[in-house]
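Subject: Structure handover

Hello,

Here is the structure I said I would pass on. My notes on it follow below.

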Amino acid sequence: MREYVFLLEYERGVHPIRDVFIEHPDVVVTTLDISLARDRGWRVERMTGPEEALDTVEAVFFNEQCNDCTYPTHTCDATAEYQVLEREPTARTIYRHVTDMTYCHAVSYLALTTLGDGLVFDATQRGPYYEWRLLIPSDRDVGSFHRALQEDLPEGVSLELRRAGDPDRWLQTNRPQPERELPYEQREALETARQLGYYEHRGNTSLEDIADELDIPLTTLQYRLRRAEDWATTIALEQTRIGKERPTGAGEAEDVPRLHDRGIANSE
């Protein structure tokens, strides 16, 4: 098996669903499972963020647009059903079922028709970015999918190839499991601390400064940061352990057209 990881970056005005993510950059959607056939598909996703922002995103996410199509003028010829499986103040677990699909400009459908069956999908949405990770049988032509994807993208969407090669810390080891997901409040505390320079060498930011920025009690901030730091440390140590166990030569790139590196850092 080989993996192919790429990032789509959307400008404003290209797709209404991407626009609402751009307007609410604190909202993150991670895929828990994608199952796809040529005429139907199932998907479970976890959406986290501030409650008000989640309500806004959810209202657009559940409309009749194909929220995975590269842009709204190329929609799915299909019927979509959405259901919220779990609803919390700062999180949603969403089930999506698509039937009667004869053609679709969704990334997953394009991969299926180009590369065939046996694919595994992983995806994360945040702000203008939509990152996809595909696990593909080694005998498939990844270059043909790459070219088809480039041709399918409208003006205002850029494509960055992030990785093509041997699987590297795939789903269960590359990201926290759902049961160990970082709650939004803890992620917000950790990101705010980083943005204010709390973790920089000789930083001048105090915990009181961060608590004031978030408008929460100091004791609440301390609790959230402790939990978030424990979460981050656990994930980092697991990835370090797995990295040491990787065989020499793993992860070399496939013969795929190399795109311009836009230097986009992971915002999480």
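At roughly what angle do the axes of helix H1 and helix H2 cross? This is a predicted model, and in it the axes of H1 (residues 16-23) and H2 (residues 51-61) cross at roughly 175° and come within 9 Å. An angle over 145 degrees counts as roughly antiparallel, so that is how H1 and H2 run relative to each other. On the H1 side, the contact is made by Pro16, Ile17, Val20 and Phe21. H2 brings Thr56, Val57, Val60 and Phe61. Sorted by class, the residues of this contact are seven nonpolar and one polar, with no charged residues.

A second helix pair is H6 (residues 184-195) and H7 (residues 207-214), whose axes come within 10 Å and cross at roughly 120°. The angle therefore makes H6 oblique to H7. The crossing of H6 with H7 is right-handed. From H6, the residues that meet H7 are Glu188, Ala189, Thr192 and Ala193. Their partners in H7 are Ile210, Glu213 and Leu214. Here the classes come to four nonpolar, one polar and two charged residues.

Next, the interior. In general, nonpolar side chains tend to be buried together in soluble globular proteins. In this model the largest nonpolar core has 26 residues. Those that touch the most other members are Tyr4, Phe6, Leu8, Trp132, Leu134, Phe145 and Leu149. Two or more residues of this core come from each of these elements:

- strands E1 (2-10), E6 (120-126), E7 (129-136) and E8 (157-165)
- helices H3 (107-115) and H4 (142-152)

Leu8 is worth selecting in the viewer. Leaving aside residues up to four places away in sequence, Leu8 touches Val107, Pro128, Tyr129, Tyr130, Leu153, Val157, Ser158 and Leu159. There is also a second, separate core, made of twelve residues, with Ala189, Ile210, Leu225 and Ala228 among them. Two of these names have come up before: Ala189 in H6 and Ile210 in H7 take part in the contact of those helices.

Last, the chain as a whole. How many helices and strands does the secondary structure come to? There are eight helices and eight strands. The chain has 268 residues, of which 49% are buried. Of the contacts with a separation of 6 or more, 71% are between residues 24 or more positions apart.

Regards

Technical notes:
Residues are numbered from 1 along each chain as its sequence is written. This is a predicted model: local features need pLDDT of at least 70, side-chain atom pairs count only at pLDDT 80 or more; totals for chains, interfaces and linings use all residues. Side-chain values use heavy atoms; hydrogens and water are left out. A nonpolar core is a set of buried Ala, Val, Leu, Ile, Met, Phe, Trp, Tyr and Cys residues joined through side-chain atoms within 4.5 Å. Buried means under 20% relative accessible area, exposed over 50%, partly exposed in between (1.4 Å probe, protein chains only). Helices (H or I, at least four residues) and strands (E, at least two) are DSSP runs, numbered from the N terminus. Contact means heavy atoms within 4.5 Å. Axes are lines fitted to C-alpha atoms, for helices over the stretch in contact, and angles run from 0 to 180 degrees between N-to-C directions. Angles under 35 degrees count as roughly parallel, over 145 as roughly antiparallel, 65 to 115 as roughly perpendicular and the rest as oblique. A crossing is left-handed if the near helix is turned anticlockwise from the far one by less than a right angle, and right-handed if clockwise. Ala, Val, Leu, Ile, Met, Phe, Trp, Tyr, Cys and Pro count as nonpolar, Asp, Glu, Lys and Arg as charged, and the others, Gly among them, as polar.
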